[in-house]
Amino acid sequence: MNKKFVPVCTAYLSGNEKKYINDCIDTGWISSAGKYIVEFEKAFAKYCGCKYAVAVTSGTTALHLALASLGIKKGDEVIIPSFTMIACAFAVCYTGAKPVFVDIDEKTWNIDVSKIEEKITKKTKAIMPVHIFGNPCNMKEIIRIAKKYKLHIVEDCAEAHGAEYNGKKVGSFSSISAFSFFANKNLTAGEGGMVLTNNKKYYDKCRYLRNMSYSLTKPRTYEHDEIGFNYRMTNLQAAIGLAQTELADKYRAMRIENNRLYKKFLSGVEGIIFQQDEKNSINVHWMNAILIDEKKYGKTKDRLMKFLKENNVDTRLLFTGMHKQKSLKQYGCKITGNYKNTEKLTKSGLYLPSSSNLKTTQIEYVCNLIKKFLKTGN
Ligand SMILES: *Cc1c(COP(=O)(O)O)cnc(C)c1O
């Protein structure tokens, strides 16, 4: 058995990363101009089946830029799932708009599409579905609702590089979409993000706002008509991102295989619940999250996490609901309400180790511990 520390998630860099980084250093192109930015944008857009891509500094800034390019502003509302990473809510707040929460589905852990319409008001401008842990949302229903109420869709694909719904990659279903390339995501650039769109107008607006609203067409003057941002990615980050994109299918397959092995080794263990895949989709399993049904498993999640830690296995808690975030109060969000499925995940869930390059023996080791813990007196 492998007694070495098993981290919850580390980056796996197995392609041209070093070669491209060295090229940046050798040529001196280390800032936000350089060939890797353009190549990364092109390669990633092509991989996702989108026309245009704009590389930025993070998934959070990608979400903000996407919303800003659509003209979302103070007085508007944007619907987001209550169970997600805080970046979704913060990005909405940066525009001055208010995030409005919808609970998640009990099985898929994605936004509950049957509860979206009751949250739509005259102020609603967009829906932000989040493909949580790599599981594509029910885009058919979200598109139907968006059309009916004339709303934008801003897909948050930060955890879902290469995930598919009805044979199409996520990120290509909406007005505009956002990805993250943080170190623990399925593809990484160290830090980084990307906005994808098929709409030339949004594309130009994103490029304009990304670079301090310098004109895209006129000779450079230092007069700025709108408030812009410095969300420029560096050529160094793009060099890593491009190398990762070249191997996107390999990394995707590794994450999917990890999940298959977890399910195989834990099958038959009472009280362990996995995320259910959305219909007609490919879930890319960014993280292997499990819920512990205490009554059936017989022990609490906290005790299991402690036991795994003692045996050199790292785990993490799942997100706390958006309706519990004090930081959002000043934006008019109600920090109350019944989001029972979100709360269930927060209370009973944990992430198991999920790096792309986990070995089968490591996954088996983790699963054996989970089984062994049942027999201990702890
Ligand atoms: C990671 C993540 C983000 C933010 O990405 P960063 O690159 O860390 O800013 C946004 N949304 C979701 C769902 C994420 O998991």
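This report describes the surroundings of a ligand and one small sheet in a predicted model.

## Basis of the model

Residues are numbered from 1 along each chain as its sequence is written, and side-chain values use heavy atoms, with hydrogens and water left out. Because the model is predicted, local features need pLDDT of at least 70 and side-chain atom pairs count only at pLDDT 80 or more, while totals for chains, interfaces and linings use all residues.

## Around the ligand

The ligand is surrounded by 13 residues, of which the closest are T60, D156, E159, S180 and K185; a residue is near a molecule if one of its heavy atoms lies within 4 Å of it. Sorted by class, this shell holds four nonpolar, six polar and three charged residues, where Asp, Glu, Lys and Arg count as charged, Ala, Val, Leu, Ile, Met, Phe, Trp, Tyr, Cys and Pro as nonpolar, and the others, Gly among them, as polar.

T60 has a polar side-chain atom 2.5 Å from an oxygen atom of the ligand, and for S180 the corresponding distance to a ligand oxygen is 2.7 Å. The protein covers 93% of the 380 Å² of accessible area that the ligand has on its own, with areas taken from the Shrake-Rupley method with a 1.4 Å probe.

## A three-stranded sheet

Three strands (DSSP runs of E, at least two residues, numbered from the N terminus) form an open antiparallel sheet in the order β7-β6-β11, where two strands pair if DSSP finds at least two bridges between them. Strands β7 (168–169) and β11 (281–282) each have a single partner strand and stand at the edges, so one side of each has no neighbour in the sheet.

Strand β6 (residues 164–165) is joined to β7 by two bridges, and the two run antiparallel; within this pair, E164 stands opposite K169 in β7.

Methods. A polar contact is a pair of N or O atoms within 3.5 Å; within protein, one must be able to donate a hydrogen and the other to accept it, and residues adjacent in sequence count only if both atoms are side-chain atoms. Helices (H or I, at least four residues) and strands (E, at least two) are DSSP runs, numbered from the N terminus.
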